[in-house]
Amino acid sequence: MDEIDVPSHFLCPISLQLMRDPVTVCTGITYDRENIERWLFSCKNKTCPVTKQPLLDTDLITPNHTLRRLIQSWCTLNASLGVERIPTPKPPIDRTQIVKLLSEAKRFPDKQLKCLRRLRSIAFEGERNKNCLESAGAIDFLASTMKNNSINTQQDSAVLSEAAIESAFGVADPIQLISVKTILFEEIMRVLRDQISQQASKAALKLIVELCPWGRNRIKAVEGGAVSVLIELLLETSERRACELMLIALDQLCGCAEGRAELLNHGAGVAIVSKKILRISHAASDRGVRILASICRYSANSRVVHEMLQVGAVSKLCLVLQVDSSFKTKERAKEILKLHSAVWKNSPCIPVPLLSSYP
């Protein structure tokens, strides 16, 4: 294909590759649909890439069927040279179709699973589809689906919750990620508490990790009960990836004062975080030390400092300095130990072999 002289008007001006689904914008320039939609919806541009003229209506993208047929004919004529004929693209989804799909799922609960699978498929087909899903109210529907899940069997309930969470993950873009409501976190926590399936729980944890960095979502997650649920799950879980996701989420939540307060108010918060250090993986240990660092820098009153001694967190930090850990993890542990050395350094709570590594 590289050695074939492709007609220049068959190439997308953005990618300079053969167009598979040519569409024309209001400036009269034709692009491959995937590339122009990425330019408009992912990169948030409002101008035509070639002419630099403003595109007042970014939804006004017209399929260029004539050019597509010419490209297909050219591919057929050059098949002997190794050129594959491009398939005829499916018509793009529109908001009306999505509204109809959501309406049908609301009226007939037995069709919800089929609807969620279709939403997931639509979301992963392109950025334009995500915009259509959001404008049609798909995010609110997904949250209500998790809240009102009344499926009879545990297996079907697990599949439904997993599909809802993965669909929400697929639909979300930065604007929607910032504007989610506390109720969404409450329903994600319900999925985690119910532990209806390992797949649904991991999907829920991934969604929390994706949501927390945006806007005020950390505070919303704390209000939705995320910290206590994650701590309770850590007490019961030993599976590597699940523990890593829980510690990542707790690390993010401890980035705000509300999250640190909730962790410290839980009787097992500091204890379980320190226990998981050096027991799961290097990634989990790094997150555990980061959580303790956040607490020690910003929330370490006298009670907290003594609690860390009593539950073995200080001893664990000393151990981190002695074993095979990443450079950053060791540096962070050293910084924590220096921060409160006046209280901890000569404490009888730290085993003598570990005191030797105290910085």
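The protein chain I want to walk through has 21 helices and 3 strands, where helices (H or I, at least four residues) and strands (E, at least two) are DSSP runs, numbered from the N terminus. Please keep in mind that this is a predicted model, in which local features need pLDDT of at least 70 and side-chain atom pairs count only at pLDDT 80 or more, while totals for chains, interfaces and linings use all residues. Residues are numbered from 1 along each chain as its sequence is written, and side-chain values use heavy atoms, with hydrogens and water left out.

Let me begin with the chain as a whole. Of its 359 residues, 49% count as buried, and by buried I mean under 20% relative accessible area, with exposed being over 50% and partly exposed in between, for a 1.4 Å probe and protein chains only. The accessible surface comes to about 18,000 Å², and 51% of that belongs to carbon and sulfur atoms; these areas come from the Shrake-Rupley method with a 1.4 Å probe, and for residues only the protein chains shown count as cover. If we take contacts, meaning heavy atoms within 4.5 Å, with a separation of 6 or more, then 64% of them are between residues 24 or more positions apart.

Now to one helix in particular. Why is helix H18, residues 313–322, described as largely enclosed by the rest of the structure? The description applies because 8 of its 10 residues are buried, namely Ala-313, Val-314, Ser-315, Lys-316, Leu-317, Cys-318, Val-320 and Leu-321. These buried residues pack against several helices, among them H15 (269–276), H16 (282–298), H17 (302–310) and H19 (327–339), and the list also includes H20 (341–344) and H21 (352–355).

Cys-318 brings me to the cysteines. With 0% relative accessibility, Cys-318 counts as buried, and Cys-75, at 0% relative accessibility, counts as buried as well. A disulfide is taken here as a pair of cysteine sulfur atoms within 2.5 Å, and by this rule the count comes to 0 disulfides.

Finally, I would like to point out two leucines for their backbone angles. Leu-16, although it is not a glycine, has a positive phi of about 60°; this residue sits in the segment before strand S1 (22–24) and is exposed, with a relative accessible area of 58%. Leu-278, which is found in the loop between H15 and H16, has a positive phi near 70°, again in a residue other than glycine, and at 32% relative accessibility Leu-278 counts as partly exposed.
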